[in-house]
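Ready for some practice in reading a protein model? Take your time with the picture below, and try each exercise before you look at its solution.

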Amino acid sequence: MKNLNQRVGVFVDVSNMYHSARHMYEARANFGAILKEAVAGRQLIRAIAYVISADIEQEKDFFKALELSGFEVKQKELQIFAGGAKKGDWDVGITIDAVTLAQRLDAVVLISGDGDYVPLVEYLRRNTGCKVEVIAFGKSASKRLIEEADEFIDLDKDPAKFLIRPH
């Protein structure tokens with residue numbers, strides 16, 4: 001049972017969730033349903049979706065859909081290095097935002113299974129008084145991240161609710 005008076009901040013590593021849904025289920029993550037699960041009737045203070053922009057036409061519709069689902073969308077350009085290597089992640093940006101906003105929150109909800117966030121979850125639990133919840137597809141989530149969270153919500157338990165299947 002969640003305390004409905006809790007102030008909640010939701011931080012979504014869109015790339016992590018997108019790739020998990022695509023590789024495991026050949027589907028797309030239903031970010032609207034995931035946000036509803038994350039908030040669980042509590043007071044939403046901020047819901048931020050962190051995306052990588054690769055200048056593809058379809059992504060504009062996707063980013064708009066995230067906004068219509070209730071997210072503030074933060075974009076970063078995909079970096080392409082000499083030699084063709086590509087990099088795009090928001091680990092540091094999500095961490096800074098979560099730590100900064102934690103002082104105004106009762107619960108931080110991290111939507112990602114990326115083990116790089118273990119130090120963030122450890123820090124938030126030990127230093128902010130916030131409850132830290134992690135939501136991800138359990139099969140692809142870091143075991144350490146799951147263990148470190150106060151609560152883990154496994155989207156694999158009800159994939160039909162959290163996925164959009166291609167027609």
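Two exercises follow, both on this predicted model.

**Exercise 1.** Find out which residues and elements line the largest pocket.

*Solution.*
Step 1: Start with the space itself, which has a volume of about 720 Å³. Among the 24 residues lining this pocket, Val14, Tyr18, Glu59, Phe62 and Phe63 are the closest to its centre.
Step 2: Now look for the elements behind the lining. At least two residues each come from helix 1 (14-25), strand 2 (28-29), helix 2 (31-39), strand 3 (43-53) and helix 3 (57-68). Helix 3 gives the largest share, with six residues.
Step 3: Sort the lining by class, and you get 14 nonpolar, seven polar and three charged residues.

**Exercise 2.** Is strand 8 largely enclosed or open, and which strands pair with it?

*Solution.*
Step 1: Check burial, where the cut-off is under 20% relative accessible area. Strand 8 covers residues 131-136, and five of these six residues are buried, so the strand is largely enclosed by the rest of the structure.
Step 2: Look at one neighbour, strand 7 (residues 107-111), which pairs with strand 8 in the parallel sense over five bridges. Here valine 108 has valine 132 of strand 8 as its bridge partner. Between the two strands the chain passes through helix 5 (residues 118-127), in a right-handed β-α-β crossover.
Step 3: Turn to strand 9 (residues 151-154), which also pairs with strand 8 in the parallel sense, over four bridges. Valine 134 has its bridge partner, phenylalanine 152, in strand 9. With helix 6 (residues 143-148), strands 8 and 9 form a right-handed β-α-β unit.

Methods:
Residues are numbered from 1 along each chain as its sequence is written. This is a predicted model: local features need pLDDT of at least 70, side-chain atom pairs count only at pLDDT 80 or more; totals for chains, interfaces and linings use all residues. Side-chain values use heavy atoms; hydrogens and water are left out. On a 1 Å grid over the protein atoms alone, a cavity is a set of points where a 1.4 Å probe fits but cannot get out, and a pocket is an open set with protein on both sides within 12 Å along at least five of seven lines; lining residues have an atom within 4 Å of a point. Grid points are joined across faces, edges and corners, and a volume is the space filled by probe spheres set on the points. Ala, Val, Leu, Ile, Met, Phe, Trp, Tyr, Cys and Pro count as nonpolar, Asp, Glu, Lys and Arg as charged, and the others, Gly among them, as polar. Buried means under 20% relative accessible area, exposed over 50%, partly exposed in between (1.4 Å probe, protein chains only). Two strands pair if DSSP finds at least two bridges between them. A crossover is right-handed if, with the strands pointing away from the viewer, the path from the first strand over the helix to the second runs clockwise.
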